[in-house]
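Work through the exercises below with the model open beside you. Try each task before you read its solution.

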Amino acid sequence: MATPARSNRRLIVAVETVAEGIAVMRLHGNLDINSVPILEAYLEPLWRQPGLSGLVVDVAEVDFCDSTGLGKLMGARNLCEGRGLGFALAGVTGIMQRLLVLTGLYPYLEAYPDTDTAVRNLTGTPE
């Protein structure tokens, strides 16, 4: 089930549930102090979704991310871990990869080059 994308001129978020209860959240635009409330508005209902087994956040189309955005991604990861859910970032290339490496967060996040690979790893499905 896909939810419609919403935009606040800074961040567009779209969510769909794929195989085995994995929710894929695609972000497009800036992930910063001004747009994190939009992300939060999409994350809150996910935590109540029956059968949710994991979350993949696709950051391939994120143009900018500040410390507030990074903090929200880490918070989502920690919340997933605390609830026994899988968590992965997808589309981690370019600016997002550099940011995660520079901040030292890269080793703490399961990061994959694309959504399909992230979903396969969370579900344990071979290629």
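**Exercise 1. A salt bridge between loops**

Is aspartate 32 buried or exposed?

*Solution.* Start with the ground rules. This is a predicted model, where local features need pLDDT of at least 70, side-chain atom pairs count only at pLDDT 80 or more, and totals for chains, interfaces and linings use all residues. Residues are numbered from 1 along each chain as its sequence is written, and side-chain values use heavy atoms, with hydrogens and water left out.

Step 1. Fix the cut-offs: buried means under 20% relative accessible area, exposed means over 50%, and partly exposed lies in between (1.4 Å probe, protein chains only).

Step 2. Apply them. Aspartate 32 has 5% relative accessibility, so it counts as buried.

Step 3. Find its partner. Aspartate 32 forms a salt bridge with arginine 10, and their closest N and O atoms are 2.6 Å apart. A salt bridge here is a side-chain nitrogen of Lys or Arg within 4 Å of a carboxyl oxygen of Asp or Glu.

Step 4. Place the pair. Arginine 10 sits in the loop between strand S1 (2-7) and S2, and aspartate 32 in the loop between S3 and H1, 22 residues apart. Helices (H or I, at least four residues) and strands (E, at least two) are DSSP runs, numbered from the N terminus.

Step 5. Check the partner. Arginine 10 has a relative accessible area of 32%, so it is partly exposed.

**Exercise 2. More charged pairs**

How many salt bridges does a search of the whole structure find? Locate two more of them.

*Solution.* Step 1. Recall the principle: side chains of opposite charge can pair when their charged atoms come close.

Step 2. Take the total. The search finds 5 salt bridges.

Step 3. Look at arginine 26 and aspartate 58. Their closest N and O atoms are 3.2 Å apart. Arginine 26 lies in strand S3 and aspartate 58 in strand S4, so the bridge ties together parts 32 residues apart in sequence. Aspartate 58 is buried at 11% relative accessibility, while arginine 26 is partly exposed at 34%.

Step 4. Widen the view. Glu16, Arg26 and Asp58 are linked in a network of salt bridges.

Step 5. Move to the helices. Glutamate 40 forms a salt bridge with lysine 72, with closest N and O atoms 3.1 Å apart. Glutamate 40 is in helix H1 and lysine 72 in helix H2. Glutamate 40 is partly exposed, at 31%. Lysine 72 is partly exposed too, at 24%.

**Exercise 3. The nonpolar core**

Which residues have the most contacts inside the largest nonpolar core?

*Solution.* Step 1. Define the core: a set of buried Ala, Val, Leu, Ile, Met, Phe, Trp, Tyr and Cys residues joined through side-chain atoms within 4.5 Å.

Step 2. Read off the answer. The largest core has 34 residues, and Met25, Leu27, Leu31, Leu55 and Leu89 have the most contacts inside it.

Step 3. See who contributes. Elements that each supply at least two residues include strand S2 (11-18), strand S3 (22-31) and helix H1 (36-47). H1 gives the largest share, 6 residues.

Step 4. Zoom in on methionine 25. Contact means heavy atoms within 4.5 Å. Not counting residues up to four places away in sequence, methionine 25 touches several residues, among them Val13, Leu39, Tyr42 and Leu55.

Step 5. Add the second core. This separate core of 8 residues includes Val24, Ala90, Tyr112 and Val119.

**Exercise 4. Two faces of a helix**

Which residues of H3 are buried? Why do they line one face of the helix?

*Solution.* Step 1. List them: Met96, Leu99 and Leu100.

Step 2. Look down the axis of H3. The buried residues fall within an arc of 95°, so they line one face. The arc is that of the directions from the helix axis to the C-beta atoms.

Step 3. Turn to the other side. There, Gly94, Arg98, Val101 and Leu102 are exposed.

Step 4. Find the cover. S4, H2 and S5 are among the elements over the buried residues of H3.

Step 5. Go just past the helix. Glycine 104 takes a positive phi of about 80°.
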